[in-house]
Amino acid sequence: MADLITVEDPDDPRLHDYTGLTDVELRRTREPAEGLFIAEGEKVIRRAKDAGYEMRSMLLSAKWVDVMRDVIDEVPAPVYAVSPETAEQVTGYHVHRGALASMQRTPLPTTAELLHTARRVVIMESVNDHTNIGAVFRSAAALGMDAVLLSPDCADPLYRRSVKVSMGAVFSVPYARLDNWPRGLEPVREAGFRLLALTPDEKARSLDEVAPHRMDRVALMLGAEGAGLTGRALAAADERVRIPMSHGVDSLNVGAAAAVAFYAAATGRPTGQEAVSPPAP
């Protein structure tokens with residue numbers, strides 16, 4: 001059973017894990033270095049715990065103590081009860097969900113370990129917006145993708161904003177970082193994956209035509225918002241594919257594009273074109 005400790009001083013060193021949560025640059029460097037990440041909200045905290053992450057501590061406003069009582073009774077980590085005002089002073093923002101937990105990171109698997117059993121893989125290049133990272137992970141979990149591979153400059157999936165947007169889906173889909181880019185794509189191809197680069201280029205073949213759901217192993221490559229995949233990444237792909245657009249729209253947000261592509265790649269599911277085709281007489 002955890003200790004429930006009331007803290008009134010926002011400078012109390014025991015609250016160190018939670019200080020300055022809105023300082024993105026600080027947290028980007030500090031959290032991986034200190035081996036922690038922050039889970040925000042009851043559902044996300046429970047999902048992180050259920051995924052096997054060790055809890056370092058919890059920071060709760062008084063009204064959330066009873067809600068989280070079962071977790072408090074189960075984990076040995078200290079629980080700090082604070083007023084909403086103290087929580088805001090510590091974190092730098094109004095913690096409207098009233099519940100935060102500092103969790104211990106675990107070592108990432110290697111690319112080879114992920115590819116050994118995967119059949120549907122997501123590859124992201126330079127996606128450094130935490131909201132987009134979270135949205136892609138949420139779609140990947142919901143639509144049956146097996147793993148995510150990140151270029152070295154992608155944002156941290158365990159950053160608080162990414163975890164929050166994904167609703168904890170970052171705990172459900174294993175991921176690894178590619179050490180070299182784009183040379184790190186070659187082991188993916190050698191493992192039997194067809195590398196499909198998502199692009200709005202009209203010269204690319206449509207997802208319906210390519211039919212990724214019929215491929216034994218497929219890796220869908222996604223680029224950053226606006227810029228898309230770089231020329232080097234496109235050149236390293238086996239094929240360029242696009243999502244057909246209407247009404248003059250030339251592209252989708254990377255999170256929305258990811259959801260469409262993941263559905264199209266799901267084994268045994270028809271793509272959009274086939275879904276509306278009438279049965280043969």
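1. Before looking at helix H4, one cut-off: a residue is called buried when its relative accessible area is under 20%, and exposed when that figure is over 50%. Keep in mind, too, that this is a predicted model.

2. With that cut-off in hand, start with the chain as a whole. There are 281 residues, and 52% of them count as buried. You'll find twelve helices and twelve strands as you go along the chain. The C-alpha atoms fit a box of roughly 70 × 45 × 35 Å along the principal axes.

3. A word on contacts and surface. Take the contacts between residues at least 6 apart in sequence: 77% of these link residues at least 24 apart. The accessible surface adds up to about 13300 Å², and carbon and sulfur atoms account for 51% of that.

4. Now to H4, which runs over residues 84–91. Which of its residues are buried? They are Thr86, Ala87, Val90 and Thr91. Because these four span an arc of only 120° around the axis, they sit on the same side of H4. The general rule behind this is that an α-helix has 3.6 residues a turn, so residues three or four places apart point the same way.

5. Turn H4 around and you meet Glu85 and Gln89, both exposed, on the other side. What do the buried residues of H4 pack against? Their partners are three strands: S3 (55–61), S4 (79–82) and S5 (99–104). Just after the helix comes Gly92, with a positive phi near 95°.

6. Stay in this part of the model for the cavity. Rolling a probe the size of a water molecule over the atoms shows where empty space is left. Here, the structure has one cavity of 30 Å³ or more, and the space in the largest cavity is about 40 Å³. Ala87, one of the buried residues of H4, belongs to its lining, together with Leu59, Leu60, Ser61, Val82, Val95, Gly98, Ala99 and Leu100.

7. Which elements supply at least two residues each to that cavity lining? Strands S3 and S5 do, and S3 gives the largest share, with three residues. Both strands also pack against the buried residues of H4. By class, the cavity lining has seven nonpolar residues, two polar and no charged ones.

8. On to the open spaces. The largest pocket holds about 400 Å³. Its lining is made up of 22 residues, and those nearest the centre are Leu198, Thr199, Pro200, Ser251 and Leu252. Strand S12 (239–242) and helix H11 (254–265) are the elements that contribute two or more residues to this lining. Sorted by class, the lining has 13 nonpolar, six polar and three charged residues.

9. The second largest pocket comes in at about 220 Å³. There are 14 lining residues here, with Pro32, Arg105, Asp156, Pro157 and Arg177 closest to the centre. Helix H1 (24–34) and strand S8 (175–177) each give at least two residues to the lining. The class split is eight nonpolar, two polar and four charged.

10. If you only have a minute with the model, begin at H4. Look at Thr86, Ala87, Val90 and Thr91 on the buried side, then at Glu85 and Gln89 on the other. From Ala87 you can go on to the cavity that this residue helps to line. After that, visit Pro200 and Ser251, which are among the residues nearest the centre of the largest pocket.

How values were computed:
Residues are numbered from 1 along each chain as its sequence is written. This is a predicted model: local features need pLDDT of at least 70, side-chain atom pairs count only at pLDDT 80 or more; totals for chains, interfaces and linings use all residues. Side-chain values use heavy atoms; hydrogens and water are left out. On a 1 Å grid over the protein atoms alone, a cavity is a set of points where a 1.4 Å probe fits but cannot get out, and a pocket is an open set with protein on both sides within 12 Å along at least five of seven lines; lining residues have an atom within 4 Å of a point. Grid points are joined across faces, edges and corners, and a volume is the space filled by probe spheres set on the points. Ala, Val, Leu, Ile, Met, Phe, Trp, Tyr, Cys and Pro count as nonpolar, Asp, Glu, Lys and Arg as charged, and the others, Gly among them, as polar. Buried means under 20% relative accessible area, exposed over 50%, partly exposed in between (1.4 Å probe, protein chains only). Contact means heavy atoms within 4.5 Å. Accessible areas come from the Shrake-Rupley method with a 1.4 Å probe; for residues, only the protein chains shown count as cover. The arc is that of the directions from the helix axis to the C-beta atoms.
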